[in-house]
Structure formats: structure tokens, C-alpha cells
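Q: I'm new to this structure and would like a close look at a single part of it. Could you pick one strand of the sheet and walk me through its surroundings?

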Amino acid sequence: MKNARLFLTLLLGPLLMSCTFSHGFKGPTSDHFDGTHFSNRQPMEKSLGDLMQLGWGSLTKAEKWPEWIDIEPQKVPQARVHSGISLTFVNHATFLLQVDGLNILTDPVYSERVSPFQWAGPKRVHAPGVALADLPPIDVILISHNHYDHLDEDTLKALIAKQEKPPLILAGLGNEPLLATLGNSDHRDLDWEEGVTLDGVEFLFTECRHRSGRGMADQMTTLWGSFVIKTSEGNLYFAGDTGYGPHLKETGDRHGPFALALLPIGAYEPRWFMKDVHLNPEEAVMAHRELGSEFSIGIHFGTFQLTYEAIDQPVIDLNKALAAHANAGMRQWGLAW
């Protein structure tokens with residue numbers, strides 16, 4: 001049966017995860033929190049029937065990915081980087097960012113599968129680009145939201161256990177109860193436009209268009225977001241996951257321009273279902289311009305098959321989008337691959 005693994009992920013995954021959930025956030029209401037659930041400015045309306053249609057469609061419409069791709073893991077600087085920016089791709093949305101003497105890790109995932117179970121769920125098709133043991137001591141870990149391909153409990157436990165000084169873990173409102181179970185760390189929950197400063201570097205949690213949930217029972221009970229990192233080398237942007245919306249231009253107007261933006265370009269098909277929560281490459285190019293980014297890198301593709309498109313389709317579609325915008329004042333782009 002073609003793509004049976006993806007079928008199980010899309011259709012049966014949420015049911016398997018029905019008993020796996022975090023406690024959610026209890027606090028005052030706001031324009032994106034009603035006292036129980038968080039929301040986006042642009043409503044999302046997807047039903048169980050839509051989810052079933054997505055799952056069944058994967059059997060015939062999803063492209064087949066390779067079982068495994070051999071890569072050569074790389075070494076990274078162990079010394080603190082005090083001048084310039086060092087950026088190293090690990091996999092998916094995981095990057096090691098070294099700037100102003102800080103080692104920062106985004107959405108770290110080292111597990112074989114992005115799932116509550118290591119016997120089911122999306123399986124990686126290549127090893128991490130940097131072995132976990134080869135990472136330098138991590139000062140700050142950024143968690144954009146609590147989906148399994150962005151918040152990996154086993155990886156966080158391993159990172160916390162491997163170093164003497166606990167890392168500072170930043171995430172959205174409602175994630176504190178889960179983070180508190182992972183080991184000795186300084187973890188802080190942030191609302192949109194809240195931030196923390198460490199050694200002169202400011203980390204701001206900002207609005208994006210996505211959702212949260214680690215099971216059926218906790219959907220939208222923790223907050224999702226992107227990060228703005230204000231450094232002496234310029235402002236940096238880590239999108240995590242996001243659909244397209246006015247928040248991108250507003251973030252550019254409020255916190256830009258950016259020296260560097262990490263923008264997702266994968267997991268976008270079928271568009272009728274994914275448009276609410278994931279940029280496609282064309283929209284990522286638009287986001288690059290609206291953020292005022294000098295240099296952007298496409299992320300969130302080529303490691304785990306989460307949706308229908310082929311493993312190399314994001315690169316093909318990004319190149320098409322860049323060609324279409326070639327005469328529109330485009331700045332530089334790169335690919336994490």
C-alpha cells in the first residue's frame with residue numbers, strides 16, 4: 001500500500017495521541033486567549049471529516065520519499081563566537097546559532113520519529129547533521145510550539161543532562177508544566193511580544209499563525225509563536241511554523257529589518273488543508289520581503305515526511321518563486337539541506 005506510513009500518521013496519529021497531552025495555560029483572557037484556548041487572528045476551521053479526507057488522500061496522492069539518505073555529520077565550533085554569526089543546520093527546524101558569545105538551539109529534535117511513540121509516526125530519512133554529543137554547551141533553547149517535530153522531550157532531556165549549566169528554555173504560554181518534568185533547566189513561558197534578555201541578547205516571542213497540541217485533548221491550550229533575537233550583529237528571526245498572514249509584515253515593521261530569517265518552506269501540500277498553518281515556498285519568499293530580511297534560509301523540509309509533497313519539491317518550488325520575484329528587489333536566500 002503506497003504511503004501507508006503517512007496514512008497512519010495523518011489519519012490515525014491524532015487518535016493514538018488522544019491520551020497524551022499537557023495541562024494547558026490558566027491565566028487572564030486576551031485577544032488571542034479566551035481563558036481556555038488560544039486562537040489566531042484569522043480563524044481556522046477544519047473538521048474531523050477534513051482530517052479523514054487528508055489521511056485517505058495520502059494513500060494515492062502523496063509522493064513517496066526515500067527510506068534513507070546518507071549524510072556526513074559536521075563538526076561545529078566549540079569556542080564561543082563573539083564576532084559575526086555562525087549558523088549550523090542540524091535537521092528540520094533545528095539550528096545551532098552562535099552569536100554574541102551565546103550558543104542557541106532552535107526546536108531541537110534528535111529522535112528517530114517525531115511522535116509520542118518510537119514505533120509509529122514520521123520517521124527521519126537522514127541522520128542529524130551534527131551529533132548531539134558534538135554540540136557545544138547550549139545556553140538558550142527556543143521552542144516555537146509543542147508539536148512533536150518541534151518539541152521533542154527525549155532530546156530536551158538529553159541536552160539538559162549532558163551539560164553542567166542548565167540551559168534557558170523559552171516557549172509559549174502553557175508549556176511550563178511539561179518543561180518542568182524534563183530535568184534541571186530554567187524554563188519560561190512567554191506571551192506574544194514578551195521577552196527575556198540574556199548577556200545583552202534579547203529574545204522576543206512574537207505572533208505567528210499556527211496551532212498547538214500533543215493529543216486530541218489539549219488542542220490549542222498552549223501558545224505557539226516565532227522568535228525575534230536582537231543581537232549586536234543585527235536582528236534575527238526564527239519562524240518555527242507559520243501560515244501566511246499580516247503578522248509577518250507587522251513583525252517586519254516592528255522589529256525589522258532582519259539580518260537573517262529562518263523561514264519554513266516544507267509540509268505545505270495539500271494546500272486546501274495546510275495553507276492555514278504552513279507557508280509554501282512562494283509565501284516564504286513574500287514573508288522574506290515583508291520581514292525586511294537581508295538573508296533568509298529555507299527550513300522545515302527534507303527530514304520527516306509530514307505531508308504530500310516530494311522530498312525535493314520545496315527546493316524546486318522555492319527556485320521558481322525566487323525566479324518570479326527576481327526583479328522585485330529580492331535579497332539573498334539559502335537552503336538548509
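A: Here is a walk around strand E3, followed by a few stops elsewhere in the chain.

Keep in mind that this is a predicted model. Strand E3 covers residues 102-106, and 5 of its 5 residues are buried, so the strand is largely enclosed by the rest of the structure. In a regular strand the side chains alternate between the two faces of the sheet. For E3, one side carries Leu102, Ile104 and Thr106, while Asn103 and Leu105 sit on the other. Both of these faces are covered.

Now for the strands beside it. Strands of a sheet pair through backbone hydrogen bonds, either parallel or antiparallel. E3 has one of each kind. With strand E2 (residues 94-99) it runs antiparallel, joined by 4 bridges. One of the residue pairs here is Val99 with Leu102 of E3. E2 and E3 make a hairpin, leaving 2 residues between them. In that turn you'll find Asp100, whose phi is positive at about 55 degrees. With strand E4 (residues 140-142), E3 pairs in the parallel sense, over 3 bridges. There, Thr106 has Leu142 of E4 as its bridge partner.

Step back a little and you see an open sheet of 6 strands, in the order E1-E2-E3-E4-E5-E6, with mixed pairing. Its edges are strand E1 (85-91) and strand E6 (186-190), each of which pairs on one side only. Ignoring direction, neighbouring strands of this sheet are turned by 20 degrees against each other on average.

Next, helix H5, which spans residues 247-255 and includes His247. His247 is buried, at 3% relative accessible area. Apart from its neighbours within four places in sequence, His247 is in contact with Arg41, Glu207, Cys208, Arg209 and Thr242. Arg41 turns up again in a salt bridge with Glu250, where the closest N and O atoms are 2.8 Å apart. Glu250 belongs to helix H5 and Arg41 to the loop between helix H1 (4-16) and H2, so this pair ties together parts that are 209 residues apart in sequence. Both partners are partly exposed: Glu250 has a relative accessible area of 29%, and Arg41 has 44%.

Helix H5 also holds a salt bridge between the side chains of Lys249 and Asp253, at 2.9 Å from N to O. These two are 4 residues apart, which puts about one helical turn between them. Lys249 is partly exposed at 43%, whereas Asp253 is exposed at 56%.

For a buried pair, look at Glu283 and Arg271, whose side chains meet in a salt bridge at 2.5 Å from N to O. Glu283 is in helix H7 and Arg271 in helix H6 (residues 271-274), so the link ties together parts that are 12 residues apart in sequence. Both Glu283 and Arg271 are buried. Salt bridges that share partners also join Arg41, Glu207 and Glu250 into one network.

Helix H7 covers residues 281-291, and its buried residues include Pro281, Val285 and Leu291. Right after H7 comes Gly292, with a positive phi near 70 degrees.

One last stop is on the surface: Leu48, Met52 and Trp56 make a nonpolar patch of about 340 Å². Trp56 lies in helix H2, which runs over residues 48-61.

Technical notes: Residues numbered from 1 in each chain as written. Predicted model: local features only at pLDDT ≥ 70, side-chain atom pairs only at ≥ 80, totals over all residues. Heavy atoms only, no water. Buried < 20%, exposed > 50% of the residue type's maximum accessible area, 1.4 Å probe, protein only. Contact = heavy atoms within 4.5 Å. Patch = residues over 30% accessible without salt bridge, like charges linked within 9 Å, V, L, I, M, F, W, Y side chains within 5 Å. Areas by Shrake-Rupley, 256 points an atom, 1.4 Å probe, with all protein chains shown as cover. Salt bridge = Lys/Arg side-chain N within 4 Å of Asp/Glu carboxyl O. Pairing = 2+ DSSP bridges. Axes fitted to C-alpha atoms, helices over the stretch in contact; angles between N-to-C directions.
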